[in-house]
Amino acid sequence: MKGLLFKKEQKERGLFTGDFNCSRQDEISGNYSSKVIKEGFCILNLKSYTFVSLIVLTLFVIISKASAAPYNGEVFKMKQPDNTYVDVKIWGDEYFQRAESIDGYTVCRDPHTGWICYANINNSSDEYVSSGVVYNKRLSANTITLKNGRKLTRGLKLGKSAILKKAREKHDELFLAGETGNTTSIQNSYNKTLDSDYSGSTSPITGLTILIDFSDCPQSISKEEISNLINQEGYKGFDNNGSVRDYFYDISEGRLIYTNQVIGYYRAKNPKSYYNDLNATGRAKELIMEALEALDKEGFDFSKLSLDENGMVMAVNFLYAGNPDVDWGKGLWPQSGEISKFDADGVYVSRYQMSQIGTKPQIGPFVHENCHMVCGYPDLYDYQYDSKGVGKYCVMGYTDPNNPQPPNGFLRSIMSGWGKVTKLNDLPDKTKVTIKADSSDVFAYYSPNANEFFIIENIQKKGRWACVPDEGLAIWHVDVNGNNDYQDMSREKHYEVSLVQADGLYELEKNVNYGGTDDLFHYGNKDSFDSNTEPKSLWWDETPSGLIISDISVEGDKMTFVIHNNNQPVSSGEYTITPTATPTATQTPTTTPTPTVTTSVTPTAEKITDTVTPTPTQVITSTPTSEPLNEPTYTISGYVAPDFYVDGNNPKTRQGFIVTLEGTEYSAITDNDGYFKINNIKPSNEGYQLCISKVNCYKKVIDDIVVDSDKIISERAAPIQMWCGDLNNDERINMIDVVILAHKFNSRIDGNYSEEVDLDMDGEVNFRDFLIVVKHFNTTQSDFS
């Protein structure tokens with residue numbers, strides 16, 4: 001099957017996530033009151049840097065929203081020493097987890113008492129520390145006063161370097177370097193797909209699932225029910241949308257039939273408490289080896305399972321009775337990893353995934369891990385948790401537990417080769433293209449180096465896509481040399497797979513949400529995409545890609561757009577694009593990767609036909625663009641500036657304000673002088689609404705702009721003034737924003753610098769930025785409005 005070499009070992013991209021533990025600290029720091037903060041700024045002439053130092057020392061934390069990961073605030077029941085349970089929300093994956101109380105306060109287990117307690121972060125921001133106050137869901141944390149008289153703080157996170165260190169430690173514990181022979185790089189795997197052949201036949205893949213229970217935690221869900229959850233066609237139990245088999249059959253459009261031999265229940269040699277011992281390591285792998293050895297002694301033939309090209313069993317799953325019970329990342333916490341080779345029947349087992357059955361089994365986590373093992377897809381969320389990756393638009397980002405989203409068009413159609421890929425570069429100018437919804441048939445626009453390209457697909461919120469945030473044309477910017485840990489959107493640091501968000505806000509990269517209602521392209525939101533629109537169709541090196549599409553239709557099961565290729569002659573009539581063959585997912589013992597689709601298109605007066613034969617054709621009609629109407633159009637222009645701006649400031653402070661004419665596709669971005677101009681506006685006596693926005697600023701809305709002539713709504717000497725300092729974009733300027741500044745304080749461009757925090761754009765996060773925040777401290781968006 002195409003793309004099988006894209007294994008989850010691609011965490012060798014260099015950034016992994018790690019374990020969670022804590023130590024005891026009796027004295028704990030908390031929030032300063034707003035009054036103290038204001039008074040502190042008032043004495044800046046005397047002790048300004050002393051004040052900042054206090055902030056840095058006592059509030060050196062990162063407060064942000066939950067990260068895009070397999071766990072996104074799901075509630076787990078964790079056992080306390082008296083055998084009672086408390087509800088704990090978890091963010092993260094098998095390599096790093098962050099735990100909170102239901103009302104949002106960080107918790108960890110006290111290593112001295114064994115109780116789950118409210119937590120803080122030590123002064124070096126690399127460890128959670130126990131406050132000694134036991135987490136009790138019946139007790140409101142905001143009423144707790146600590147020994148030092150301070151209050152608890154919500155939403156604490158470790159620093160990036162601490163996360164990465166713990167990440168590598170946990171990765172080294174779970175994965176054994178050199179064991180599997182499958183650590184092919186993403187780039188090398190992608191290159192192999194370019195050179196391979198495929199047959200287009202259906203691929204049956206057989207995995208292994210072993211069910212485990214314990215003397216102190218016997219099964220509560222029958223083997224038959226779990227087998228149905230994994231293998232039964234049309235399964236609907238526990239509110240799941242089909243079985244695991246149904247999911248892979250649907251996303252591959254019938255080309256991959258993935259089933260599992262379900263074995264069990266195997267009764268473990270020891271009680272569950274033995275494997276969940278917090279003071280022991282490696283007992284999850286001990287349980288895995290134990291179950292495999294027992295299965296081998298019973299005469300199970302491992303060679304009947306599907307294997308990869310190295311003779312390793314492709315997919316091995318362990319599901320255990322009950323829930324994890326003990327600490328996130330410890331004991332039998334859900335995980336994927338490797339064991340030392342277990343040899344049997346001329347093949348071997350190394351890669352595995354383990355997770356709980358619980359009381360309501362869900363296909364989402366199982367599907368995500370098997371997308372790694374079976375399809376070789378990489379994770380597309382951010383292991384550092386400071387951006388959202390592909391968000392909720394792809395199963396390799398955030399996974400809906402009962403109705404997991406399909407993989408994005410790059411993974412389905414190019415890596416796995418399950419759909420037709422039409423090369424937009426080769427279509428004649430002004431070709432009107434029809435694209436079906438929820439299909440693996442996609443359109444690609446390639447750069448000269450072949451590793452960077454755009455993928456276009458039609459996503460509608462139904463069926464397997466019912467839980468995505470938006471619908472319309474999804475435009476994916478793919479660079480196989482990229483990395484979804486890098487949200488900088490620069491030439492050197494950018495995502496591997498990035499959703500081009502139609503509203504131009506890039507809220508996924510900026511860690512704002514998991515997808516918004518204006519992310520996808522369609523008429524009424526954004527109906528064109530080229531090098532002059534916002535967002536722009538540029539390559540990552542900021543050179544024009546040449547991709548120009550316009551006249552994007554309303555969202556629907558069939559959408560259309562017009563492709564403009566100026567190097568192609570304008571023709572009329574119908575154009576026939578012959579779809580490529582579909583890939584074969586071969587049964588083991590070996591699996592052959594398959595190629596990326598390429599088409600050789602020759603334009604003629606009547607049709608275009610590629611070289612692949614013989615397959616059904618798809619008709620793509622070419623329609624000349626309509627003549628413009630002879631009605632007058634006008635402009636709206638003006639100037640925008642932050643309210644701290646003076647002529648001596650860096651002109652970048654006036655740059656980058658997004659000015660949008662609501663209800664139209666028209667917008668502009670202010671230049672270094674704060675100037676904007678929106679052209680081609682149709683007359684309106686009812687009036688337009690103008691919206692001005694920028695990261696870290698409150699939004700400005702101007703209503704009832706009647707357009708019957710060119711409008712100048714502000715002059716350079718009296719610009720529209722914007723309030724800045726909302727660093728986490730929660731529509732309030734408060735202590736959280738001060739904390740964010742404290743984390744970056746005294747950083748420069750050559751260090752731990754963030755341009756979004758450098759409010760006066762002088763290349764350094766310093767006390768002047770604090771002054772900007774305090775200017776509107778304790779205000780909200782409604783105050784500005």
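**Two sheets, some cysteines and the uncertain ends**

Okay, let's start at one pair: Ser550 stands opposite Val562 in β20. One residue pair over, Ile549 faces Ile563 of β20. Before I go on, the ground rules. This is a predicted model, where local features need pLDDT of at least 70 and side-chain atom pairs count only at pLDDT 80 or more, while totals for chains, interfaces and linings use all residues. Residues are numbered from 1 along each chain as its sequence is written, and side-chain values use heavy atoms, with hydrogens and water left out.

Back to β20. Strands here are DSSP runs of E with at least two residues, helices are runs of H or I with at least four, and both are numbered from the N terminus. Strand β19, residues 549–550, runs antiparallel to β20, and 2 bridges join them. To count as paired, two strands need at least two DSSP bridges between them. In β14, residues 431–436, you get 6 bridges to β20, again antiparallel, with Val433 opposite Phe561. Put that together and you have an open sheet of 3 strands, ordered β14-β20-β19, with antiparallel pairing. Its edge strands are β14 and β19, each pairing on one side only. As for β20 itself, residues 558–563, 5 of the 6 residues are buried; buried is under 20% relative accessible area, exposed is over 50%, and partly exposed is in between, with a 1.4 Å probe and protein chains only.

Now the other sheet. It's open too, with 5 strands in the order β9-β8-β10-β12-β11, and the pairing is mixed. The edges are β9 (256–267) and β11 (335–344), which each pair on one side only. On average, neighbouring strands are turned by 30° against each other, direction ignored. For a parallel example, take β10 and β12 (residues 347–356), joined by 4 bridges; there, Phe318 sits opposite Met354. Helix α5 packs on this sheet, touching β8 (203–213), β9 and β10, and its direction makes about 160° with that of β9. Contact means heavy atoms within 4.5 Å. For angles, axes are lines fitted to C-alpha atoms, for helices over the stretch in contact, and the range is 0 to 180 degrees between N-to-C directions.

Just ahead of β10 (316–320), in the loop that follows α8 (283–297), there's Asp308. Buried or exposed, with its 3% relative accessibility? Asp308 is buried. Its side chain reaches the backbone nitrogen of Asn310 at 2.8 Å.

Cysteines next. How many disulfides does a search of the whole structure find? The count is 0, taking a disulfide as two cysteine sulfur atoms within 2.5 Å. For Cys117, the nearest cysteine sulfur is that of Cys108, 7.0 Å away. Cys117 is buried, at 1% relative accessible area. Cys375 has its nearest cysteine sulfur 5.1 Å away, on Cys371, and Cys375 is buried as well, at 0%.

Last bit: confidence. pLDDT is the predictor's confidence in each residue, from 0 to 100. The protein averages 78, with 76% of residues scoring at least 70. Among the elements, α5 (residues 223–231) has the highest mean, 98, and β21 (residues 574–577) the lowest, 31. Residues 1–69 stay under 50, and the model gives them 266 contacts beyond four places in sequence. Residues 567–629 are below 50 too, with 183 contacts beyond near neighbours in sequence. That's what I had.

Methods
A polar contact is a pair of N or O atoms within 3.5 Å; within protein, one must be able to donate a hydrogen and the other to accept it, and residues adjacent in sequence count only if both atoms are side-chain atoms.
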